[in-house]
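Q: Can you walk me through this one? I'd like to start with how the strands pair up.

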Amino acid sequence: MAKESQKEVRVFAPATVANVACGYDVLGFAIEEPGDEIVARFSGKPGLRIVAITGDEGKLPTAVEKNTAGVAAADLLKHLGMSDRGIELEIHKKMPFGSGLGSSAASAVGGAFAVNRLIGEPLTKKQLLPFAMAGEASADGAWHADNVGPCLLGGMVFIRSNQELDIAQLPVPENLWAAVVHPDIEILTKVAREILPKEIPLENATQQIGNLGGLLCGLMRGDYELISRSIHDVVAEPRRQKLIPDFYRAKRDALGAGALGFSISGAGPSVFALCEGEDVAKRVAAEVSRVFSEVPLGNQLYVSRINPLGVHEISAQ
Ligand code: HSE
C-alpha cells in the first residue's frame, strides 16, 4: 500500500470491452493489454498539474480541467479538501483514441487511482467510481460506467444503474478468454451513439433483456453454451456495424473458428469474441485479423483472460 512518505506512484489502467453485445451501457470487462500508465508525484508547487503526456500524438490537452485524468484527480482532491496539495501527473497513453477500448476511461481511472494511492489511499477503489466517472464524462459527455467500472474493479462488471452508480462484479468461468482486434480506423463515441435509435421495438427489448439475463446467468454458472446462445445484440450492433468494414465477414469467420460469440467492443471499431480457452481465442483473433488485413486495414490483436485486477500500482518510490 502506498504510504504518505512515498513521493511517486505509477499505475496501470487496462483497456476494457464495454456492452459485451447485449449489455449496452450496463456491462463491461477488463482485458490485460493494452492500458495506460499514469504517474502521480508530490511537488513543491501548490495545486494539481499535468507535466507530461506521451503517446497521444499531441492530441490531449495538458489543462487539468480539459483532461480526463486531470478532471478525475482534481475532483477527488476537491472532495478530500486537498485541492492546494502540490501534485504532478504524467500520462502515458498506450492505446489509440476512438478505438472502442475505453481509452478515456482508462486515463480517468488511472488519474483518480494514482492520486488516491499517492496520498495514502483514503478511499477504496469503489469509492473512486464517481470521480473517475466525472473524468470520463468530461471526454464524451455521456454518463455510462461500462468502461470505468471494469477498469477500476477488474473482471466483468454489471451496472444496475448508471445514475446511482450501482455496480457489481460478476464471477467469470476460469477458462473464459477474450480475443480483441482493433482495426486502424477511428470512431468517435459521440457519433456511434448518435446513430442509435431513440426508441426500440418491444420485441427487440424483450430479446435483448433475455440475452442479457442469459449471459449473466451463463457467466455465474460457468455454462459456456448458455453464454454462447446469449451473446447477441439487436440494439446497437445492427446500426454500428456499418462503421466497421467487413464486420459481418469477421463475425462469420470468428464464429467459424469456434468463438462463443462476437460483437463490437464498446462503440467500436474494435471487435471482440469470447472464447472457451486460449487456443480458440488465438485462432479467432488470427481469423478476424486476416479479414481486416484483406480489407486492407492494419490491426492489432489482444488475446487475454478477463483481467481480474483492474487498475493497479506497478511501482512506487
Ligand atoms: N456503452 C458505450 C457505448 C461504450 O456503446 O456507446 C462506449 O464507450
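A: Sure. Take one pair of residues to begin: A13 has D36, in β2, as its bridge partner. Keep in mind that this is a predicted model.

Q: Which way do β1 and β2 run, and how many bridges join them?
A: They run antiparallel. Strand β1 covers residues 8-18, and 10 bridges join it to β2.

Q: OK, staying with β2. How many of its residues are buried?
A: Strand β2 spans residues 27-42. Of its 16 residues, 14 are buried, so by the cut-off used here those 14 each have under 20% relative accessible area.

Q: How many bridges does β2 share with β4?
A: There are 6, and the pairing is antiparallel. Strand β4 is residues 87-92.

Q: Which residue stands opposite E37 there?
A: That's H92, in β4.

Q: And what about β5? How many bridges there?
A: β2 and β5 pair over 3 bridges, in the antiparallel sense. Strand β5 is residues 156-161. One facing pair is F29 and M156, with M156 in β5.

Q: New topic: cavities. How many are there of 30 Å³ or more?
A: The count is 1. The largest cavity holds about 30 Å³ of space.

Q: What lines the largest cavity?
A: The lining is N19, D233, A236, E237, R240, S263, I264 and G266.

Q: Which elements each supply at least two of the lining residues?
A: α8 (237-240) and β8 (261-264).

Q: And how does that lining divide by residue type?
A: It has 2 nonpolar, 3 polar and 3 charged residues.

Conventions: Residues numbered from 1 in each chain as written. Predicted model: local features only at pLDDT ≥ 70, side-chain atom pairs only at ≥ 80, totals over all residues. Heavy atoms only, no water. Buried < 20%, exposed > 50% of the residue type's maximum accessible area, 1.4 Å probe, protein only. Helix = DSSP H or I, 4+ residues; strand = E, 2+ residues; numbered from the N terminus. Pairing = 2+ DSSP bridges. 1 Å grid on protein atoms, 1.4 Å probe; cavity = no way out; pocket = protein on both sides within 12 Å on 5 of 7 lines; lining within 4 Å. Points joined across faces, edges and corners; volume = space filled by probe spheres on them. Nonpolar A, V, L, I, M, F, W, Y, C, P; charged D, E, K, R; others polar.
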